[in-house]
Amino acid sequence: GCGGVRHILLSKRIAYELAPIPRWNPHLYELGEATVKHGERISLVNFCTDEIGNPAVPDKLKEERAAEARYALRKSLGRKLTIIACLLMLIVVAGLIYFYAQRRTRIEPAAAVTPEKSIAVIPLVDLSPAHDQENLCDGISEEILRGLGAADGVRVMARSSSFAFKGKTTDAIEIGRKLNVAAVLGGTLRRDGNRLHVAADLTNVHDGARLWSGTVERDLSDAGAVPETIDAAIADALRVKLSGVSRVREAQNGDAWNLYFSGLELSHRHDEASLRGSLELLRRAVERDPSLGQAWTSMAADGFWLAESGVAPKEAYPAMTAAAEKALAVNERDAEAHLYRAAQRRVMEDDLKAEEAELNRALDLNPSLPLAHCLMASARTIGKDGARSVEEMEKAVRLDPLSPRVASMQVSNMVLQNRLDDAYAAAKRILEIDPDRSEERRVGKECR
């Protein structure tokens, strides 16, 4: 009722919901307060682009501002002191000028959207004499990340986004702001023979203060104790519980850990040759130590991504399922193993209810799993629940904003819902992250 021809007016509350979304943010402009039904005053926001909407201030708001100005003027002129009257007039005029200058100011997302307990884990820096422990640095960092992801009330940035800063000189405060987290964990690792020395510290992004720092020393055969010790210390610093940690450490075999970390590094390349190489290393790891549950889970992940890379699910999924079952036999609270079992339920058994139950279990154990949110979004799309699907996909993107794979899944999900404008915007975002992804360039053109 406040708008004129072609105006699209929103309440400020709704605008704050749209503001964090890159597609909408540039087109939101504050108008200030206006009177609506029943005399209520609310803050209005004008939505307009070059093609739709009306960038002008609505006539009703102009009239309201003029009426307010006339009222203020009458009040000021009613006073006997000329100086005071003049000052009030100047205040009114200044207020109108300020409103005009600010009415097209873009709205920023509502107050410090950064969750209070949110962390990015940056890969440990190798300080070993030969500088040949990169796999170990990355593997222990990923284990720290995995454990924190299952902590109660902590949002943990996914590996691909946190590891995007590997080898860079970006400081913790800048990393935290780019990833929208409250704290950043980084550190160093040095290996002397079979002895590991890990130093780490947790930095508050807001002011650069150190929330926690410590050193852990272990033998290589007990490498799993390093992330456990650090996770426990961080949980204590953040005053959260680690009751949901999705790993059980029983392995005491240094060779198994080395093979596991080497396989883990290959698995993140996601091409078929690397995934098959990863599977071979992980098989050797569990041969040496069948209780290394993380290795079984990573084997399941390799099977999932093999199918995504083009290998027939009938070939990839049985091995994936068997590995997931082995992981759950070691530790039923392994969230990722539940995730891969969910994929099996849908693709090979066409059991959507069982899939959803497994995904809910995975997210209960670890809400910081982007892939679980992606699969849940897909399940909601199949179930014709478009709003919930979009919500789950946005959670995945917030947890892994620099991942082309998550963004690609978002594109596919939007296309399935026939939301081609959204799919086009998501495809453009992928190309900003990874300009060489020709598939998303093709999808973007088709959507456009």
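Helices, of at least four residues, and strands, of at least two, are DSSP runs numbered from the N terminus. In this predicted model, the chain holds 18 helices and nine strands. Of its 448 residues, 49% count as buried, and among the contacts in the chain with a separation of 6 or more, 62% are accounted for by residues 24 or more positions apart.

**Helix α12**

The rest of this report follows one of these helices, α12, which covers residues 335-347. At 1.5 Å a residue, the 13 residues of α12 should span 18 Å, and because the C-alpha atoms at its ends are 19 Å apart, expectation and model agree. At the start of the helix, the backbone nitrogen of glutamate 336 has a side-chain oxygen of aspartate 334 within 3.2 Å.

How much of α12 is covered? The helix is mostly covered, with 12 of its 13 residues buried; the buried residues include Ala335, His338, Leu339, Arg341 and Gln344, and Arg345 and Arg346 also belong to them. The partners against which the buried residues of α12 pack are α4, α10, α11, α13 and α14, and the table gives the residue range of four of them.

| Helix packed against by buried residues of α12 | Residues |
|---|---|
| α4 | 134-149 |
| α11 | 313-330 |
| α13 | 352-365 |
| α14 | 370-382 |

**The crossing with α10**

Helix α10, residues 293-308, has an axis that comes within 9 Å of the axis of α12, and the two cross at roughly 35°. The crossing in which α10 passes α12 is left-handed. On the side of α10, the contact is made by Thr297, Ala300, Ala301, Phe304 and Trp305, while α12 contributes Glu336, Ala337, Tyr340 and Ala343. Taken by character, the residues of this contact divide into seven nonpolar, one polar and one charged. Glu336, which takes part in this contact, is also the residue whose backbone nitrogen is approached by the side chain of aspartate 334.

**Arginine 346**

Is arginine 346, which lies in α12, buried or exposed? Its relative accessible area is 18%, and since buried means under 20%, arginine 346 therefore counts as buried. Leaving aside residues up to four places away in sequence, arginine 346 touches Asp351, Leu352, Glu355, Leu375, Ser378, Ala379 and Ile382. With one of these residues, serine 378, there is a polar contact between side chains, at 2.8 Å.

Notes
Residues are numbered from 1 along each chain as its sequence is written. This is a predicted model: local features need pLDDT of at least 70, side-chain atom pairs count only at pLDDT 80 or more; totals for chains, interfaces and linings use all residues. Side-chain values use heavy atoms; hydrogens and water are left out. Buried means under 20% relative accessible area, exposed over 50%, partly exposed in between (1.4 Å probe, protein chains only). A polar contact is a pair of N or O atoms within 3.5 Å; within protein, one must be able to donate a hydrogen and the other to accept it, and residues adjacent in sequence count only if both atoms are side-chain atoms. Contact means heavy atoms within 4.5 Å. Axes are lines fitted to C-alpha atoms, for helices over the stretch in contact, and angles run from 0 to 180 degrees between N-to-C directions. A crossing is left-handed if the near helix is turned anticlockwise from the far one by less than a right angle, and right-handed if clockwise. Ala, Val, Leu, Ile, Met, Phe, Trp, Tyr, Cys and Pro count as nonpolar, Asp, Glu, Lys and Arg as charged, and the others, Gly among them, as polar. The expected span of a helix is 1.5 Å times one less than its number of residues.
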